[in-house]
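Work through the three exercises below. Each solution goes step by step.

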Amino acid sequence: MRIIVLFNLKPGVDAAAYENWARTTDIPGVNALGSVKDFQVHRATGVLGSDAASPYAYFEVIDITDIEAFGVDASSEAVQKVAAEFQQFADNPQFILTETL
């Protein structure tokens, strides 16, 4: 299963500060979870074939082994601390559950 998270930064949040936090805390922490096969954060650079800005600045892709196991991992105190930090950066993130066709 793959979870895709779409979000922009909250007004006033420094993108460099968020990206440093993502590289040093979020990415290694989430990738260390037993239920996570792979976790990547992507910065949008544009819309293909257009000069328009992307509606979302960042995209997270979380490949998990099992939704129940991920729920257990996500409820740990360490993950809750990282999630609270993420909420300080992200403005109304959308967590989208997906399945491969």
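Helices (H or I, at least four residues) and strands (E, at least two) are DSSP runs, numbered from the N terminus. The model is predicted: local features need pLDDT of at least 70, side-chain atom pairs count only at pLDDT 80 or more, and totals for chains, interfaces and linings use all residues. Residues are numbered from 1 along each chain as its sequence is written, and side-chain values use heavy atoms, with hydrogens and water left out.

**Exercise 1.** Place Asp73 and describe its surroundings.

Solution. Start with the element: Asp73 belongs to helix α2, residues 67-74. Next, cover and charge. Asp73 is buried and has no salt bridge. Buried means under 20% relative accessible area, exposed over 50%, partly exposed in between (1.4 Å probe, protein chains only). A salt bridge puts a side-chain nitrogen of Lys or Arg within 4 Å of a carboxyl oxygen of Asp or Glu. The nearest side chain of opposite charge is Lys37, 13 Å away. Lys and Arg count as positive, Asp and Glu as negative; His and the chain ends are not counted. Last, contacts (heavy atoms within 4.5 Å). Beyond four places in sequence, Asp73 touches Leu33, Gly34, Ser35 and Val79.

**Exercise 2.** Find the strands that pair with β3.

Solution. Pairing requires at least two DSSP bridges between two strands. Strand β1 (residues 2-9) runs antiparallel to β3, with six bridges. Here Arg2 stands opposite Asp63. Strand β2 (residues 36-43) is also antiparallel to β3, with seven bridges. Phe39 has Ile62 as its bridge partner.

**Exercise 3.** How many residues of β3 are buried?

Solution. Take residues 58-64 of β3. Five of the seven are buried, so the strand is mostly covered.
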